[in-house]
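These are my notebook entries on a structure that I went through element by element. I set down what I looked up and what I found.

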Amino acid sequence: MQKLFTEFTPTTAAQWKEQLVKDLKGVDFDQLTWHTNNGLDVHPFYTKEDMPGEKAPLFSHSDWNIGTFILVEDEKKANATALEALNGGVSCLSFCLVGDKNIPALLKDILIEHIAVQFVLNNHIDTFEKQLSAIIKERDLSFEQLNISVNYDVLAHLAEHGNWLASKEADLAAFLKICNLPFNTHKLLVDASLYQNSGANQVTELALILSHYNEYLNALSEAKFDLSSLKSGVQVNVSVGSDFFGEIAKLRALRKLIALVNNIYNINAHLFISCSTSHLTLASKDAYTNLLRSSTQAMSALIGGCSALYVTQFDELLDSDNKNLSVRMARNQQLILKEESYLDKASDIGAGSYYIEKLTEELAEKAFALFKNWETKGGFIACLEQGLIQAEVNRQAAVLKEKTASGEMVLIGVNKYINASEKAPMVKHHETEMSKTSIEPIKAIRLAEKFETEQ
């Protein structure tokens, strides 16, 4: 049987360039090259010459957990919200616990053995452990049945708030206790969602995740923690922005980089990537445009291989008690991508794409070089204490703000196609922390904020 296309003569990259210059009447190839915020050059086309050798898929799963965040202030209300979300199609709940909470009341009628659950803690570890362990025993569940992750990331807290929760020694000891919890499926969790939302480019974000992760591995090694127990799972929480192909490549590069570090420590761990759509590009005015941004961000996360996805509500910034529509829309965006776009039917869709493969390799190489540079200066904590990381992130955030202000970076409804007739909406205000910090915190930003305050 004759193979398809065998009658066509292969075309080289040089021939494509020659034809391009001819068709565009003398425009030079380099004039069409795009220089990205990552310091990479993106060419107008890519060929097999840019991807030597066959590239195997980087992951084999195709489905993902549809997630929702629930702030737990009142356990009964949070439980009702969770049950409604589960009935609407959600398969992953993330509970942010504010203070000491009644876990049995929170999990009433929720079959935790059939869904993924994340608990975000910043204190009360012992009380939480006792309550959840009692529930597991009472329901006669085995740890193997559960998909539970405990988000107690003391380094993420240090980076965001500029202080330890208690002290370095006490916080790392508490982190070690979390890693030893028997029901904690993803023994080690790195919450890196701040970095993209602070304006860091993809290279810096990947390097930060690696440095953050490696700091924990060093701490666990010093504490004689059995790293082989991490085989049950390592979780990384990541925010995904609006650079469609760049974010796909970022998540693929993350898999390669985590595998590289794991190999150094002789760790064979399953990687669980939990993604959330970006707050960096959220706007309060013309809020429905946030649906467009979060939809493309969600697609990047799914094609890039996330294991769980949380879509931010389009009216997240607005001060409103009635958010039934936005909650449902955030959930349904994922249901449409799964049930109507069939993104759950194939794994690593980007594999074999010359552009995505090339971009994946370039991001991984530059990020690993930056990671090694920080390691020579003492690692994640030391670089935070020296202000090296903050300076780099602040510089990149300033570039994004400048490009948004000039219109080079377009935000629909913010600096392009503005709805001039819209009245200023009621925006939620958060109290600014005034406490003294031991280091400069990394601050999340919103690119639309300047335009909203000026109008």
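**Entry 1: aromatic rings**

Does F29 count as buried or exposed? I note at the outset that the model is a predicted one. I looked up the relative accessibility of F29 and found 10%; the limit for a buried residue is under 20%, so F29 counts as buried.

I then searched the whole structure for aromatic pairs and obtained twelve. F29 and F45 make up one of these pairs, in an edge-to-face arrangement with 70° between the planes and 5.5 Å centre to centre. I checked where the two rings sit: F29 belongs to the loop between α1 (13-23) and β1 (34-35), and F45 to the loop between β2 (41-42) and β3. The two residues are 16 residues apart, and their pair links distant parts of the chain.

I also recorded a cluster in which ring pairs link Y46, F244, F245 and Y355.

Next I looked for charges over rings. The charged end of K338 sits over the ring of W64, 4.7 Å from the ring centre. For K450 I found a place over the face of F451, at 5.7 Å from the ring centre.

**Entry 2: helix α2**

I compared the length of α2 (residues 75-87) with expectation. Its 13 residues should span 18 Å at 1.5 Å a residue, and the end C-alpha atoms are 18 Å apart, which agrees.

Which residues of α2 are buried? I listed E75, A78, N79, A82 and A85. Viewed down the helix axis, these buried residues fall within an arc of 125°, and therefore they line one face of α2. They pack against β3 (65-72), β4 (92-97), α3 (103-106) and α11 (324-339). On the face turned away from the buried side I found the exposed residues K76, K77, E84 and N87.

I then examined what lies at the ends of α2. At the N-terminal end, D74 acts as a cap, with a side-chain oxygen 3.1 Å from the backbone nitrogen of K76. After the helix comes G89, which has a positive phi near 120°.

**Entry 3: helix α9**

I applied the length check to α9 (residues 244-264) as well. This helix has 21 residues and reaches 31 Å from its first C-alpha to its last, close to the 30 Å expected at 1.5 Å a residue. Just after α9, I noted a positive phi of about 60° at N266.

**Entry 4: three buried residues**

I looked up F128, which is located in helix α4 (residues 125-138). Its relative accessibility is 3%, so F128 counts as buried. Leaving aside residues up to four places away in sequence, F128 touches L97, I103, F119, L121, V150 and F183. I also took the C-alpha to C-alpha distance from F128 to D100, which is 7.8 Å for residues 28 apart in sequence.

E205 is in helix α8 (residues 202-222). With a relative accessible area of 1%, E205 is buried. Beyond residues up to four places away in sequence, its contacts are Y195, Q196, A200, V238, S239 and K250.

Where does R446 lie? I found R446 in the loop between α14 (388-406) and α15 (449-454). R446 is buried, with a relative accessible area of 15%. Its side chain is joined to that of E452 by a polar contact of 2.8 Å. Not counting residues up to four places away in sequence, R446 touches H279, L280, L282, A283, S284, L317 and E452.

Conventions
Residues are numbered from 1 along each chain as its sequence is written. This is a predicted model: local features need pLDDT of at least 70, side-chain atom pairs count only at pLDDT 80 or more; totals for chains, interfaces and linings use all residues. Side-chain values use heavy atoms; hydrogens and water are left out. Helices (H or I, at least four residues) and strands (E, at least two) are DSSP runs, numbered from the N terminus. The expected span of a helix is 1.5 Å times one less than its number of residues. Buried means under 20% relative accessible area, exposed over 50%, partly exposed in between (1.4 Å probe, protein chains only). The arc is that of the directions from the helix axis to the C-beta atoms. Contact means heavy atoms within 4.5 Å. A polar contact is a pair of N or O atoms within 3.5 Å; within protein, one must be able to donate a hydrogen and the other to accept it, and residues adjacent in sequence count only if both atoms are side-chain atoms. Rings of Phe, Tyr and Trp (its six-membered ring) pair if their centres lie within 6.5 Å; planes under 30 degrees apart count as stacked, over 60 as edge-to-face and the rest as tilted. A charge sits over a ring if NZ of Lys or CZ of Arg is within 6 Å of the ring centre and within 35 degrees of the ring normal.
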